[in-house]
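Here are a few exercises to work through with the model open in your viewer. Try each task before reading its solution.

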Amino acid sequence: MANARALDKRRKSIRNIRKITRTMELIATARYKKAMDRAAAVTAYTDQITKVVARLVAAGTEVQHPLLETRDQPQTARLLCLTSNRGLCGGYNASVLRTIVPHVESLRSSVPELIVDVSGKRGINGLKYRQIETTDRYTQFEDQPPFDEIEKIASEYLRQYAFGEIDRLDIVYTKFFSTSRQVPVVETLLPLGSLTETDGGGGGDDSTSEFEFLPSAESILEEIIPTSFKVKLFKCFLDAAVSEQVARMIAMKGATESAGDMIKQLSMTYNRARQSQITGEIMEIIGGVEALAK
Amino acid sequence: MPIRCVVVTPERTELDRVVDSIILPMYDGELGIRRGRAAMIGRLGYGQMRLHTEAGIESFFIDGGFAQVDQDVVSVLTSRALPAGSLDVDQVESELAEALAAPSSSPEQQRLKAASVMRARGMLRTAIRHQ
């Protein structure tokens, strides 16, 4: 039987850990709510953009833009991976990394040159361990990535794409579907092939008004396509941030529950140890008394 | 005769209120909107947006984007909407000087420089008008 004092010490330390995991769970819950609000705000923005595109299409504007055209022989591809800066979030980073590795291999076999960028310390270390070289590394994004900074990154990608420095841009991140479902996905952001997809989404608009375009439909289209790319990239960052908080929340909830179970188990063992110690002492006293009586 | 104005940025819905009229900084000049304006979609420039309300005039700096007018609802989609009161003339002037000093040796740099100069000038105009 284990030493009762050692058991008690262990139980105390687990109690302290439980306090920490519980606090982390509460913090993650609060951050998750904030991140969700931001994600809802960006959805309002993308909905409006989608409506504008749908109206441009409805007005008979031909949707043609260099960013929408797929290049025949891509020479250079770029891959951006979104991971977290901090750990203790369950399998969040591991599942993203598990998606990255096969995608890197398939890209390497189809495109002559591949550049990998990564956001988040966990991703930087994970890719280093897997011997995948990374070019740009971002560690400044936490649970509320600011649009200004992501816009800068997006503008740089747009510049590279326009100049032919890259022919394709992929992103690996954890897409948020619901609180119980987040899936690591690979999406191609450039060329922006999915503008047609958004066309379909905005098609159900109830307005039948004839729109006037100022200064012209082409000028609006020229501006709206880069904007929708920037917002799409921003949404990926927000989705990743929300998913990270959900993953942390669930992981910490599990840890708190496990700590509770462990404390229960240890308490039982401790009580038994204590009881057997007392029994032992009584036996000794009785033995002593009996020896004296003889 | 009121009209609804909604300003949306990617980070949040900045503004949603009923106003008398709106003056928008379009790509090629200002545009005033009152109730009953025909439906339109326009490209915004960098400049001052003014909302005429019963309490007076409110002004904001709009950082490009799009505006849509449909059934007496004006939706402004922009990357940033700053209240004109939050702009500091000295700071904006230094931003303009910085933008003017940027290199412009390649066509891409020229384009970037032109955009940042236009943005800084729009900001400066907004800040000075608000003083």
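**Exercise 1. Place Val116(A): which strand holds this residue, and is it buried or exposed?**

Start with the secondary structure: Val116(A) sits in strand 2 of chain A. Helices (H or I, at least four residues) and strands (E, at least two) are DSSP runs here, numbered from the N terminus.

A quick word on the ground rules: this is a predicted model, where local features need pLDDT of at least 70, side-chain atom pairs count only at pLDDT 80 or more, and totals for chains, interfaces and linings use all residues. Residues are numbered from 1 along each chain as its sequence is written, while chains are lettered from A and ligands numbered from 1 in the order in which they are written.

Next, count neighbours. Val116(A) has 23 other C-beta atoms within 10 Å, so it is buried (buried means 20 or more other C-beta atoms within 10 Å, exposed 12 or fewer, partly exposed in between, with C-beta atoms placed from the backbone).

Then list the contacts (C-beta atoms, placed from the backbone, within 7 Å). Skipping neighbours within four places in sequence, Val116(A) touches Leu79(A), Cys81(A), Val104(A), Leu127(A), Ile132(A), Glu133(A), Thr134(A) and Thr135(A).

Finally, check one distance: Ala77(A) is 39 residues away along the chain, yet its C-alpha atom is 8.6 Å from that of Val116(A).

**Exercise 2. Work out the sheet of chain A: what is the strand order, and which strands stand at the edges?**

First, the order. The sheet is open, has five strands in the order 3-2-1-4-5, and its pairing is mixed. Two strands count as paired if DSSP finds at least two bridges between them.

Now the edges. Strand 3 (137–138) and strand 5 (181–190) of chain A each have a single partner strand, so one side of each lacks a neighbour in the sheet.

Zoom in on one pairing. Strand 2 (residues 113–119) and strand 3 of chain A run parallel and are joined by two bridges. Across that pairing, Val118(A) faces Arg137(A) in strand 3.

Last, see what packs on the sheet. Helix 6 (residues 217–293) of chain A lies across strand 1 (76–82), strand 4 (168–178) and strand 5, and makes an angle of about 45° with strand 4 (axes are lines fitted to C-alpha atoms, for helices over the stretch in contact, and angles run from 0 to 180 degrees between N-to-C directions).

**Exercise 3. Size up the two chains: what radius of gyration does each have?**

Take chain A to begin with. Its six helices and six strands follow the pattern α-β-α-β-α-β-α-β-β-α-β-α. Its radius of gyration is 29 Å, whereas a compact globule of 294 residues would come out near 19 Å (the radius is taken over C-alpha atoms, and the globule rule is 2.2 Å times the number of residues to the power 0.38). The C-alpha box fits into this picture, at roughly 115 × 45 × 25 Å along the principal axes.

Move on to chain B, with two helices and eight strands, in the order β-β-β-β-β-β-β-β-α-α. For chain B the radius is 15 Å, close to the rule's 14 Å for 131 residues, so it is as compact as a globular protein of that length. Its C-alpha box is roughly 50 × 30 × 25 Å along the principal axes.

Compare burial too: buried residues account for 34% of chain A and 34% of chain B.

**Exercise 4. Describe how chain B meets chain A: how many residues are in contact, and which element of chain B gives the most?**

Count first: 22 residues of chain B are in contact with 26 residues of chain A.

Then sort the chain B side by element. Strand 5, strand 6 and strand 7 (73–77) of chain B each give two or more residues, and strand 5 gives the most, with four.

By class, the chain B side has ten nonpolar, six polar and six charged residues (Ala, Val, Leu, Ile, Met, Phe, Trp, Tyr, Cys and Pro count as nonpolar, Asp, Glu, Lys and Arg as charged, and the others, Gly among them, as polar).

To finish, look at the strands across the interface. Strand 6 (residues 212–214) of chain A runs parallel to strand 5 of chain B, with three bridges joining them. One of the bridge pairs is Glu212(A) with Met40(B).

Methods. Contact = placed C-beta atoms within 7 Å.
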